[in-house]
Amino acid sequence: MGFSKSVAARAVVLVAVALLRLSDAAVYTVGDSGGWTSIGNLDYKQWAAAKTFQVGDIIRFEYNAQFHNVMRVTHPMYKACNASAPLATYTTGNDTVNITTKGHHFFICGVPGHCQSGQKVDINVLRESESAPAPSGTSPASASVPSVGGPAPSPSGAISLKASSKVCLAMAAFAVFVSFFH
């Protein structure tokens with residue numbers, strides 16, 4: 001029985017470490033409340049420039065799957081709005097992409113005419129030593145007013161899973177760990 005408790009304890013510790021690392025991720029919905037669309041005045045270049053993306057972040061595309069899709073493409077394909085040979089294609093209308101590498105990640109809508117009308121985004125994941133340029137023409141994040149009793153929104157528009165979530169996850173993992181020894 002001692003061996004199984006030892007194995008279980010190690011498993012709990014590994015799960016806790018994995019959860020704590022995951023909790024550093026931010027989830028960004030492309031276009032924020034406007035989503036992924038070719039209708040309206042969404043400027044995805046400006047949207048992306050106002051964010052600081054990091055390895056581990058999650059990019060969410062929300063759209064009407066009857067009218068749009070998401071294609072991950074190379075830089076030349078992005079510039080030319082060429083959807084002929086995408087690196088990946090997403091079609092559910094609620095797609096998530098986990099960012100696992102630094103550098104540029106290019107996405108377009110493959111429906112004819114949509115990319116040309118601006119439905120494309122360059123997600124630039126900066127190196128640790130770089131910092132994001134300050135977007136021009138935007139108001140400071142301090143201008144937003146949080147709701148009473150709720151946490152203040154993230155200035156970048158991301159859903160942050162940081163500080164209090166880490167404490168909760170660590171406490172839950174510890175509770176599971178301790179339960180194996182009682």
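## Exercises on a predicted model

At 15% relative accessibility, Cys 81 counts as buried, where buried means under 20% relative accessible area, exposed over 50% and partly exposed in between, with a 1.4 Å probe and protein chains only. This is a predicted model, in which local features need pLDDT of at least 70 and side-chain atom pairs count only at pLDDT 80 or more, while totals for chains, interfaces and linings use all residues. Residues are numbered from 1 along each chain as its sequence is written, and side-chain values use heavy atoms, with hydrogens and water left out.

### Exercise 1: the whole chain

Task: find out how many helices and strands the protein chain has, and in which order they run.

Solution. Start with the rule: helices (H or I, at least four residues) and strands (E, at least two) are DSSP runs, numbered from the N terminus. Counting this way gives four helices and eight strands. Now walk along the chain from the N terminus, and the order reads α-β-α-β-β-α-β-β-β-β-β-α.

Next, look at burial and surface. Of the 182 residues in the protein chain, 30% are buried. The chain exposes about 11,200 Å², and carbon and sulfur atoms supply 60% of that area; accessible areas come from the Shrake-Rupley method with a 1.4 Å probe, and for residues only the protein chains shown count as cover.

Finally, turn to contacts, meaning heavy atoms within 4.5 Å. Among those between residues at least 6 apart in sequence, 71% join residues at least 24 apart.

### Exercise 2: the sheet

Task: work out the strand order of the open sheet of four strands, and follow Met 71 to its partners.

Solution. Two strands pair if DSSP finds at least two bridges between them. The order is β4-β3-β6-β7, with antiparallel pairing. At the edges are β4 (88-90) and β7 (120-125), each of which pairs on one side only. Neighbouring strands of this sheet are turned by 25° against each other on average, direction ignored; the axes are lines fitted to C-alpha atoms, for helices over the stretch in contact, and angles run from 0 to 180 degrees between N-to-C directions.

Then take the pairs one by one. Three bridges join β3 to the antiparallel β4, and three bridges join β3 to β6, again antiparallel. Met 71 has Thr 89 as its bridge partner in β4 and Ile 108 as its partner in β6. Strand β6 (residues 103-108) pairs with β7 over six bridges, and here Gly 103 is matched with Val 125.

Last, check the two faces of β3 (residues 70-73). Val 70 and Arg 72 lie on one side, Met 71 and Val 73 on the other, and all are buried.

### Exercise 3: the cores

Task: say which residues have the most contacts inside the largest nonpolar core.

Solution. A nonpolar core is a set of buried Ala, Val, Leu, Ile, Met, Phe, Trp, Tyr and Cys residues joined through side-chain atoms within 4.5 Å. As background, nonpolar side chains tend to be buried together in soluble globular proteins. The largest core here has 20 residues, and those with the most contacts inside it are Trp 36, Ile 59, Phe 61, Val 121 and Ile 123. The elements that give two or more residues to this core are β1 (26-29), α2 (44-49), β2 (58-62) and β7.

Now zoom in on Ile 59. Leaving aside its neighbours within four places in sequence, Ile 59 is in contact with several residues, including Tyr 28, Phe 53, Val 97 and Ile 123. Apart from the largest core lies another, of eight residues, among them Met 77, Phe 106, Ile 108 and Cys 115.

### Exercise 4: the cysteines

Task: find which cysteines form a disulfide, and where they sit.

Solution. Apply the rule that a disulfide is a pair of cysteine sulfur atoms within 2.5 Å. The count comes to one: Cys 81 and Cys 115, with sulfur atoms 2.1 Å apart. The pair links distant parts of the chain, with Cys 81 in the loop between α3 (75-80) and β4, and Cys 115 in the loop between β6 and β7, 34 residues apart. The link is left-handed, with -70° about the S-S bond.

Cys 115 is buried, with a relative accessible area of 2%. Cys 109 is in no disulfide, and the nearest cysteine sulfur, that of Cys 115, is 8.3 Å away. Cys 109 is buried too, at 1%.
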